[in-house]
Amino acid sequence: MDKVQKSVAVFILLILFAQLLSSCDKKTCIDAPDVSAVEIKVSIERLDKKLHKIPTKEELSTLLKSNPTFAESFLHVSEYLIPEIIIARYHDLLNASDIDSLFYEVDKTFGDMEDIRLQFEDAFRYLKYYYPEFKVPKIQTVVTGIANDLYITDSVIVIGLDYYLGPKGKYQPKGMPEYLLNRYQKEYMVPQIILMYSNYYNATDMNDKTALADMVFYGKAYFMAKNLMPCTPDSLLTGYTSFESVDIEKHEQVIWAGLLENQALFDTSPFIKDKFLSERPKTFEIGENCPGRIGRWVGWRIIQKYAQEHPGISLPEIMKTSDAQKIFNESKYKPIAY
């Protein structure tokens, strides 16, 4: 093959690759309203920058007093009879000779965080569109020597950036299994936070203790997060790998049959519910390749089907519907074999 032929071949491959990326992008995105007119301004307070080598214990104490949410949720200051003890320990950590490499890795991974800020801004713009009363929460970032990952309320979000350095990071949470560690990476951070933030809009019947109620609750959370981040790959919400995502869609009927065979839907036993809804590497009761938390994913499929069966229903209407049995019945969910 001469140089011209090689150049043409490479050009064709590049076009095919670009088309593949384009088709993947189209598949990733869902229909979403135009929210360009919605005014939202998000800022991220970099407490981690202020904490790095903070000169004195007195200055650290002042910073913690002015940021009580961080002080309590990450350092648990109130649990100490003498708060100065934890303040001194944390000051020593922040000024230890080897902590510089942790701060350096955080800086290298996250930079100025403008991309993260824009992700929050886009998601909150959709949230403001659906819920006009929504107020942007304060967002702060910290580094604590991998003491905690997140603290979320409807008004404050505190992020431990050092938790999100990923499986290739020099510093990692001790004892965390790989299937969980894979989710503690930069690209997962905002989608996972938005997923958890949806809890403040997710109505549920507290008297319904069935697995189905939990499935629907998680399903609504995924549904809302996807609508707030409409072009975010599903894998960043579910935490499944690309292979797992394709595989469970392919075998959705088998998964559903497994749930029915195990009589899991209306079981109220925490032991049974944990098998299908809690963090596990695999759901072995369905298959050795079936990922954990599969009941949550099925819940999402139920909500997607429910939305299809109710054209024109709004996101807030779905989120405020707390009757899981009603949602399930009206979804007419029954996966078919591919």
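**View 1. In the second largest pocket, α10 gives the largest share of the lining, with 4 residues.** This is a predicted model, and the pocket makes a good place to start. The second largest pocket holds about 490 Å³ of space. Its lining is made of 20 residues, and the ones closest to its centre are R183, Q192, M196, E279 and R296. Look for three helices here: α9 (186-197), α10 (211-228) and α11 (234-238) each put at least two residues into the lining. As for the mix of residue types around the second largest pocket, 12 are nonpolar, 5 are charged and 3 are polar.

**View 2. R296 sits over the face of a ring, that of Y218.** R296 has already turned up, as one of the residues closest to the centre of the second largest pocket. Here we look at what lies below R296: the ring of Y218, with its centre 4.0 Å away.

**View 3. Y197 and Y201 make a tilted aromatic pair.** A pair of aromatic rings is described by how far apart the centres are and by the angle between the planes. For Y197 and Y201, the centres are 6.5 Å apart and the planes meet at 40 degrees. Are these two tyrosines, Y197 and Y201, buried or exposed? Both Y197 and Y201 are buried. Their pair belongs to a longer list, since a search through the whole structure turns up 16 aromatic pairs.

**View 4. Seven names, one aromatic cluster: F120, F124, Y131, F134, Y197, Y200 and Y201.** Step back from the tilted pair and you'll find both of its rings, Y197 and Y201, in this cluster. Y200 is a member as well, and so are F120, F124, Y131 and F134.

**View 5. The structure has 1 cavity of 30 Å³ or more.** Which residues lie closest to the centre of the largest cavity? They are T204, A213, V216, S322 and A324, out of 13 that line the largest cavity. The volume of the largest cavity comes to about 50 Å³.

**View 6. Around the largest cavity, α10 is back, giving the most to the lining with 4 residues.** Both α10 and α17 (324-331) supply at least two residues of this lining. Sorted by type, the residues lining the largest cavity are 6 nonpolar, 4 charged and 3 polar. If α10 seems familiar, that's from the first view: α10 also gives the largest share of the lining of the second largest pocket.

Terms used: Residues numbered from 1 in each chain as written. Predicted model: local features only at pLDDT ≥ 70, side-chain atom pairs only at ≥ 80, totals over all residues. Heavy atoms only, no water. 1 Å grid on protein atoms, 1.4 Å probe; cavity = no way out; pocket = protein on both sides within 12 Å on 5 of 7 lines; lining within 4 Å. Points joined across faces, edges and corners; volume = space filled by probe spheres on them. Nonpolar A, V, L, I, M, F, W, Y, C, P; charged D, E, K, R; others polar. Phe/Tyr/Trp six-rings, centres within 6.5 Å; stacked < 30°, edge-to-face > 60°. Buried < 20%, exposed > 50% of the residue type's maximum accessible area, 1.4 Å probe, protein only. Lys NZ or Arg CZ within 6 Å of the ring centre and 35° of its normal.
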